[in-house]
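Please look at the structure below with this short report beside it. The text takes up a sheet, then a hairpin, and then the meeting of two chains.

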Number of protein chains: 2
Amino acid sequence: MRTATRAPGGRRAAGGAAGAVRAPAAAGAVGPRPAAAGAPPVANAGGLATPAGRRGALAASGAAVAEAPPPACELTDEGKGKRVIIIGGDGYCGWASALHLSARGYEVAIMDNLSRRNWDEQLGFDTLTPIASLHKRVAKWQELTGREIKTYVGDICDFGFLEAAVKEFEPTAMVHFGEQRSAPYSMMDRNKAVFTQMNNITGTINVLYAIKEFAPECHLVKLGTMGEYGTPNIDIEEGYLDVEHKGRKDRLPYPKQGNSWYHLSKIHDSTNMFFTTKTWNMKVTDLNQGVVYGVDTPETALDEALVNRMDYDSIFGTALNRFIIQGAVGYPLTVYGKGGQTRGFLDIRDTCQCIQIAIDNPGPAGEMLVFNQFTEQFSVNKLAGLVTESGARLGLDVTTKSIPNPRREKEEHYYNAMNTNLKDLGMDPILMSDGKLDDVMKVALKYIDRVDMDLILPATDWVSSGVKQGVSKVVS
Amino acid sequence: MRTATRAPGGRRAAGGAAGAVRAPAAAGAVGPRPAAAGAPPVANAGGLATPAGRRGALAASGAAVAEAPPPACELTDEGKGKRVIIIGGDGYCGWASALHLSARGYEVAIMDNLSRRNWDEQLGFDTLTPIASLHKRVAKWQELTGREIKTYVGDICDFGFLEAAVKEFEPTAMVHFGEQRSAPYSMMDRNKAVFTQMNNITGTINVLYAIKEFAPECHLVKLGTMGEYGTPNIDIEEGYLDVEHKGRKDRLPYPKQGNSWYHLSKIHDSTNMFFTTKTWNMKVTDLNQGVVYGVDTPETALDEALVNRMDYDSIFGTALNRFIIQGAVGYPLTVYGKGGQTRGFLDIRDTCQCIQIAIDNPGPAGEMLVFNQFTEQFSVNKLAGLVTESGARLGLDVTTKSIPNPRREKEEHYYNAMNTNLKDLGMDPILMSDGKLDDVMKVALKYIDRVDMDLILPATDWVSSGVKQGVSKVVS
């Protein structure tokens, strides 16, 4: 399955032709310099808890960090003839997936209303990495690879927009990342709670009707979340549970217990899709994705204009990316409460791989497939330990502190989730425990001057969510 | 629990005082005349399938129907000190419940945007019974009983409206019937699908926030539906399922499988409420109600201006009420498909009783109670049989025909649902099998001239639900 093997030499591919691409500009070393083996860790002392101080200290100590050479991006035709709309294709997972598929010969269109960028503007946030506009991104991709990614800029809650796009593009698959995907954002206040559920549920209902009416053979690949399951005291199966009760048996949808308006919205999507799949005989795959980490994929690393977003703020930043940036800037990793909270994780490159596998393997019409899309599970404390180790390898002294948990959740619990469905279809994971975090840490160090220290502490708590407008600034 | 015992004589109660009320006007026999015992059934022949023909035939054959004497309505003070907002209090279950509680000394306010009346207007429907306006209804109630029911006319999706009302009324309980409650309506087209979910989910989220912010001790009694469970091949428990899986145990939310956008919206409400109950330490009771039938309660029967609605159209008419009216007008009972579909049912008077019990018995804060609110379960074929028997007792020859099922559902399946929680709290059911259907049939006959024969066949099917505006007229 893995197609991103290092090609012997970079060359410019002509439109749609197979081959390896490596952008010349990306080959130069930018950012921190290579570390001397065994360099002493940089102490996390006063004055270092600012990006500039951190980088200065790194330089002074002689510690520096090698940037990995950009991976080669191979162009193939394996997806030829498949036409895929990526809803939310300008977002973190969507952008990486769009390029991954385009590089593999799928005809790709990005459908996005760019709301993710707008939420950052509204809250005063910015991605660590300086992302280009959608228009510049796809233009650069075409320039480098000769492959066109069509764009449909608009809102899937606007059915007229969606209808026109589906009729024009005639997708064979739609990948639906296009939702408000932050639990803390959904918990900021009542307004954002209602917005999150209305936006996510309406969008998905519209997509279901658009497929039913205008592209009935189209396979919907919908992103759910492992967070739909909550933390039950039994093993988490993939979407369904075989139940024996009072001497009778049935295979039922796995009981869900979401822990934020966002997670709940994805449960509602799953429940709605289960109904339409049966009733309208649709082809639907529900991917319960874990927490994604990492930045570069072979495709996004080709050029600075293709760089993916990396969110480290307390609202949109996922736990691990936030830890990595806290570690990079010399701020203690902020573990919520006891840190025994355990979740599933996966590398952004595995997200791409899973999406491709899902697209290529629809189930029988009328039967919703559910895959748990993560590769490893870790507690928050274990994650903090992995980031600390990675920092040490790069000459950084990373510390950890516990802060009051802004969420209402179990901080110590049983957690054992299944994830064999995608592996059975050929998924070959990139494991965090293999030391892969170092590459992500290097990206954080490269952009360390862009870190806004105001954004790395929690700003939303589950209990105070109310009528008053939620604020994005630090509250603790 | 039953308080509607026949009082020795009707008298006009002063404001809030206990006593029995019987409106003089209601005592006169209106509509069909008493039936002679053993009168031959009226044949269901050609020319009879119109209301006028039916009543003419009844008269010609000497068959006629006795109207039951209006039940006495006893006024008590048992609910004194409890302040209850009934959201959707102008609707079928809401109106009956509002009067039931007011008669028992609860301070009642009705909150309603009157959308149920508007949907009838939009579709060209009307209730069989000529209901008075909300304003005339509550004025008549006060005139007869001296008890005031405050009204808040507005939409709970408008949070400002809801906030002001909750702050003003200071409820100790809110009963939430205020949703779009028709499965066929939700399946008419995409627009109504999205409306149903947005309306129902937003309204409930708003109510949860209003309670959390402005009335944190208020007990929410929310109407769900037995249809949330679908038709699993195991027993249906009350809200939760004790699961043993791979040697571990947990008590989990019962897996839900809704079969229309409407039923799904109630699942989403339940899932959302389960979260807020835990996270915000709320008092919430979720009532999974069965199919309600019947018209009169002791309170609504007091005066023609208090009469409850009775829907027999294919969109808002529940199965049994529709059968009763089909039987009354001499139209064959239209069984969808094989007729093995089995569901839970209850008398409208038991709805009132259950609501009162639920209000009076909140669970501990932070733990959502779930009660299955039905008293008997029947297959559609069995229901048709009961209506046929009831018709025979009243001198009507009722026939049945199978029509293509407009829904996608199992027509033969296992069904065994628990309903002990409310009984354990004192619920004393009125059973259909006791011949109680005859009273409902008599109401249908009383208003037989108002029947619109165009409304009694299905107009919405589950598979054609699409983008084109759904139509309300007969399609088969």
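## A sheet of three strands

In this predicted model, chain A contains an open sheet of three strands, whose order is β11-β13-β15 and whose pairing is mixed. The edges of the sheet are formed by β11 (291-293) and β15 (376-379) of chain A, and because each of them has a single partner strand, one side of each is left without a neighbour in the sheet. From one strand to the next, the twist averages 45°.

One pairing within this sheet can be followed down to its residues. Strand β11(A) and strand β13 (residues 342-347) of chain A pair in the parallel sense, and three bridges make up this pairing. Here A:Val292 is the residue that stands opposite A:Leu346 in β13(A).

## A hairpin in chain A

A hairpin is formed by β8(A) and β9(A), with two residues between the strands. The two strands run antiparallel and are joined by six bridges, and in one of these pairings A:Leu241 has A:Leu252, in β9(A), as its bridge partner. In the turn of the hairpin lies A:Lys246, which has a positive phi of about 50°.

## Where chain A meets chain B

How many residues of chain A are in contact with chain B? There are 60 of them, and they touch 60 residues of chain B. The area buried between chain A and chain B is about 5200 Å², and carbon and sulfur atoms give 64% of that area.

Between the two chains, the count of salt bridges is four. In a salt bridge between the chains, the side chain of A:Glu237 meets that of B:Lys246, with a distance of 2.7 Å from N to O. The count of residue pairs in polar contact between chain A and chain B, with both residues at pLDDT 80 or more, is 31.

## What the touching side of chain A is made of

Several elements contribute to the side of chain A that touches chain B: α5 (159-169), α7 (190-214), β8 (240-245), β9 (248-253) and α8 (261-280) of chain A each supply at least two of its residues. Both strands of the hairpin, β8(A) and β9(A), therefore appear among these elements as well as pairing with each other. The largest share of this side comes from α7(A), which gives 14 residues.

Sorted by kind, the residues of the side of chain A that touches chain B divide into 28 nonpolar, 17 polar and 15 charged.

How values were computed
Residues are numbered from 1 along each chain as its sequence is written. Chains are lettered from A and ligands numbered from 1 in the order in which they are written. This is a predicted model: local features need pLDDT of at least 70, side-chain atom pairs count only at pLDDT 80 or more; totals for chains, interfaces and linings use all residues. Side-chain values use heavy atoms; hydrogens and water are left out. Contact means heavy atoms within 4.5 Å. Buried area is the accessible area (1.4 Å probe) that two parts lose on being put together, summed over both. A polar contact is a pair of N or O atoms within 3.5 Å; within protein, one must be able to donate a hydrogen and the other to accept it, and residues adjacent in sequence count only if both atoms are side-chain atoms. Helices (H or I, at least four residues) and strands (E, at least two) are DSSP runs, numbered from the N terminus. Ala, Val, Leu, Ile, Met, Phe, Trp, Tyr, Cys and Pro count as nonpolar, Asp, Glu, Lys and Arg as charged, and the others, Gly among them, as polar. Two strands pair if DSSP finds at least two bridges between them. Axes are lines fitted to C-alpha atoms, for helices over the stretch in contact, and angles run from 0 to 180 degrees between N-to-C directions.
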